[in-house]
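Work through the exercises below with the model open. Try each task before reading its solution.

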Amino acid sequence: MVDEESEMDLRHASALLEGGETLRERLEPDPRILFGSWGLAWLVGYGALWISARAEGDATPSNGAFVVFVALLIAATVMTAVHTARRASGLRGASATTGAMYGWSWVVTFSAVGLVLGSLSRFDLPREVYAAIANVIPTLLVGALYMAGAATYRNWSWFFLGAWIVVVAAFATMLAMPITYLAMAVAGGLVMLAVAGFAQLKRSQSW
């Protein structure tokens, strides 16, 4: 038999564990938002590049498709930064600093990527070569930032997804254009949306 004092200790320990889990969920960026926004951006953006290239009958898509793709990446980046900053709002100390630094690292990184790609466009690079570079650089950075977030928040699912994105980027670069875009849309975008859906299912079952 468990005496009253032991039962109270067990309840107290259980409350502490539940409180710790709630705090962790409060601090961590929501995977449904991060994976959902980036998955949608990749699926629609890379899908637009692939459809445009096929319609043009060329290995590279139209400028309009690139504009759509870049706009979706910017939207996903801004959403990542805003969401992460909101998660850290109202907090103080190391937790707030960690959330703010991680959120803004996305904005700083992709702002630099935009400048680099803009600079490369001034050179007389073959269109297909520039398209491959414009694809692989931001993709590798997305994967690296997810893995960095995994180390920050100690989340293995983030790490495996980041590693998967990096592998997909490397593999897709070996493919001929515009098949590269199709591979990124399916193996990248759909996988991220699947992770977001799994996170939603897990969240629903916990209620």
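The exercises go from the overall fold to single side-chain pairs.

This is a predicted model, in which local features need pLDDT of at least 70, side-chain atom pairs count only at pLDDT 80 or more, and totals for chains, interfaces and linings use all residues. Residues are numbered from 1 along each chain as its sequence is written, and side-chain values use heavy atoms, with hydrogens and water left out.

**Exercise 1. Describe the fold and its burial.**

Start with the elements. Helices are DSSP runs of H or I with at least four residues, strands runs of E with at least two, numbered from the N terminus. The chain has seven helices and zero strands.

Next, take burial. Buried means under 20% relative accessible area, exposed over 50%, and partly exposed in between (1.4 Å probe, protein chains only). Of the 207 residues, 35% count as buried.

Then turn to contacts, meaning heavy atoms within 4.5 Å. Among contacts with a separation of 6 or more, 73% join residues 24 or more positions apart.

Finish with the surface, computed by the Shrake-Rupley method with a 1.4 Å probe. The accessible surface is about 11,800 Å², and carbon and sulfur atoms hold 69% of it.

**Exercise 2. Find the salt bridge and state the burial of its partners.**

Apply the criterion: a side-chain nitrogen of Lys or Arg within 4 Å of a carboxyl oxygen of Asp or Glu. The search of the whole structure returns one salt bridge. Arg32 pairs with Asp30, and their closest N and O atoms are 2.6 Å apart.

Now check exposure. Asp30 is buried at 4% relative accessible area. Arg32 is partly exposed at 26%.

**Exercise 3. Characterise the aromatic pairs of Trp158.**

A pair of aromatic rings is described by the distance of the centres and the angle of the planes. Rings of Phe, Tyr and Trp (its six-membered ring) pair if their centres lie within 6.5 Å; planes under 30 degrees apart count as stacked, over 60 as edge-to-face and the rest as tilted. The whole structure holds 17 aromatic pairs.

Take Phe35 and Trp158. Their centres are 6.2 Å apart and their planes meet at 65°, so the pair is edge-to-face. The pair links helix 2 (residues 31-56), home of Phe35, to helix 6 (residues 156-173), home of Trp158, across 123 residues. Phe35 is buried, at 1% relative accessible area. Trp158 is buried, also with 1%.

Now take Tyr146 and Trp158. This pair is edge-to-face, with 6.3 Å between centres and 85° between planes. Tyr146 lies in helix 5 (residues 127-153), twelve residues from Trp158 in helix 6. Both Tyr146 and Trp158 are buried.

**Exercise 4. Which residues form one aromatic cluster?**

List the members: Phe35, Trp38, Tyr102, Trp106, Phe110, Tyr146, Tyr153 and Trp158.
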